[in-house]
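Student: Could you take me through one part of this model closely? I would like to look at the nonpolar cores and what surrounds them.

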Amino acid sequence: PTSAQVSAVPQPLRFRCTLDNNVLTTEQRQFYEDNGYLLIKKLVSDEDIERFRKEFVRICKKEVNPPGAMIMKDETLRSQYGQSERVVNKVQDFQEDKELFRYCTLPEVLKYVECFTGPNIMAMHTMLINKLPDSDKQTFLHPMHQDLHYFPFRPADRIVCSWTAMERADQDNGCLVVQPGTHKQPLKPHDYPKWEGQANKLFHGLLDEDEKTPKVHLVMEKGDTVFFHPLLIHGSGVNKTSGFRKSISCHFASSECYYIDVKNTTQEHLEKELVEMVHKKYNTTSVELRDIWNFRARLVQGERINL
């Protein structure tokens with residue numbers, strides 16, 4: 001072909017992880033494509049964050065008990081503090097809590113989510129993290145990992161995490177740490193880290209982390225929100241302060257994503273562990289990883305297609 005013909009051909013492959021909808025600038029899209037994350041300042045209002053914080057405290061005090069939610073606690077602190085936010089380090093799967101689930105439906109958040117998933121959006125995985133002040137045991141250190149390890153659905157490029165700081169997050173209180181560009185790598189094998197002390201349930205980490213890969217500490221102010229790719233290698237440090245470091249997050253996916261069978265893959269042992277946990281909690285007999293996710297998933301915009 002002549003050079004004129006070549007230049008006339010559109011090049012839709014330039015952007016793989018973001019979609020055309022005029023919300024992101026070309027620079028923002030390029031940054032996400034190159035680095036696997038994008039930070040948007042002051043996206044969520046102080047009023048909304050205060051409402052989420054109050055609901056979290058109510059859950060800690062057992063004034064509300066959202067069905068299906070997993071409340072993770074540091075049992076060693078309970079005798080000292082009883083039922084309070086000084087004990088609870090995470091509320092996972094809050095999709096049945098009307099107040100917290102509002103986060104997943106905020107128009108200002110969904111406006112950006114749509115840039116990665118398209119118009120049919122499912123909320124797949126929800127968490128409010130309350131990083132407690134840590135001891136020398138590093139109980140609340142989350143090892144470097146890829147979130148896709150936990151997900152039995154694809155394609156990865158149509159999944160995105162929205163993570164909002166509920167107060168300032170920095171290196172002192174254990175902010176997010178990312179390895180830019182690692183979202184271009186495949187899913188790697190994960191397992192419990194081989195460090196001293198007890199790792200938290202399901203806090204899997206990379207088995208062979210490359211220490212030479214550059215890391216960026218995401219210092220964020222209250223309301224700042226980072227969107228990141230499920231293959232991006234990330235983690236968080238310990239909280240060296242006497243306060244808490246709260247964040248609220250949701251993994252969103254296009255409802256056109258599809259479930260995969262994780263048998264004979266690096267995710268197979270995770271399926272066994274999760275199925276055992278569900279079996280214990282609900283006394284179910286046959287359940288698969290996709291059933292667990294199907295139960296968690298909630299449509300927040302558009303049409304529910306596959307997930």
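Tutor: Happy to; here is a walk through the cores, then a helix, the cysteines and a sheet.

This is a predicted model, where local features need pLDDT of at least 70, side-chain atom pairs count only at pLDDT 80 or more, and totals for chains, interfaces and linings use all residues. Residues are numbered from 1 along each chain as its sequence is written, and side-chain values use heavy atoms, with hydrogens and water left out.

Let's begin with the cores. A nonpolar core here is a set of buried Ala, Val, Leu, Ile, Met, Phe, Trp, Tyr and Cys residues joined through side-chain atoms within 4.5 Å. Buried means under 20% relative accessible area, exposed over 50%, and partly exposed in between, with a 1.4 Å probe and protein chains only. The largest core holds 37 residues, and Y103, C104, V109, F227 and F252 have the most contacts inside it. At least two residues each come from β1 (37-40), α3 (46-60), β3 (88-92), α5 (98-105), α6 (107-117), β4 (121-131) and β14 (245-254). Helices (H or I, at least four residues) and strands (E, at least two) are DSSP runs, numbered from the N terminus. The most generous contributor is α6, with six residues. A second, separate core has 23 residues, M124, L270, L289 and L307 among them.

L270 brings us to helix α7, where it is buried along with E271, E273, L274, V275 and V278. The buried residues of α7 pack against α8 (289-296), contact being heavy atoms within 4.5 Å. For its 15 residues (268-282), α7 should span 21 Å at 1.5 Å a residue, and its end C-alpha atoms are indeed 21 Å apart; the expected span is 1.5 Å times one less than the number of residues. Just after α7, N283 takes a positive phi of about 55°.

Now the cysteines. C250 is buried, at 0% relative accessibility, and its sulfur lies 3.7 Å from that of C104, the closest cysteine sulfur, which is too far for a bond. A disulfide is a pair of cysteine sulfur atoms within 2.5 Å, and a search of the whole structure finds zero. C175 is also buried, at 2%.

Finally, four strands form an open antiparallel sheet in the order β5-β13-β8-β11. Strands β5 (142-145) and β11 (216-217) stand at the edges with a single partner each, so one side of each has no neighbour in the sheet. Two strands pair if DSSP finds at least two bridges between them; three join β8 (176-178) to β13 (234-236), with V177 partnered by G235.
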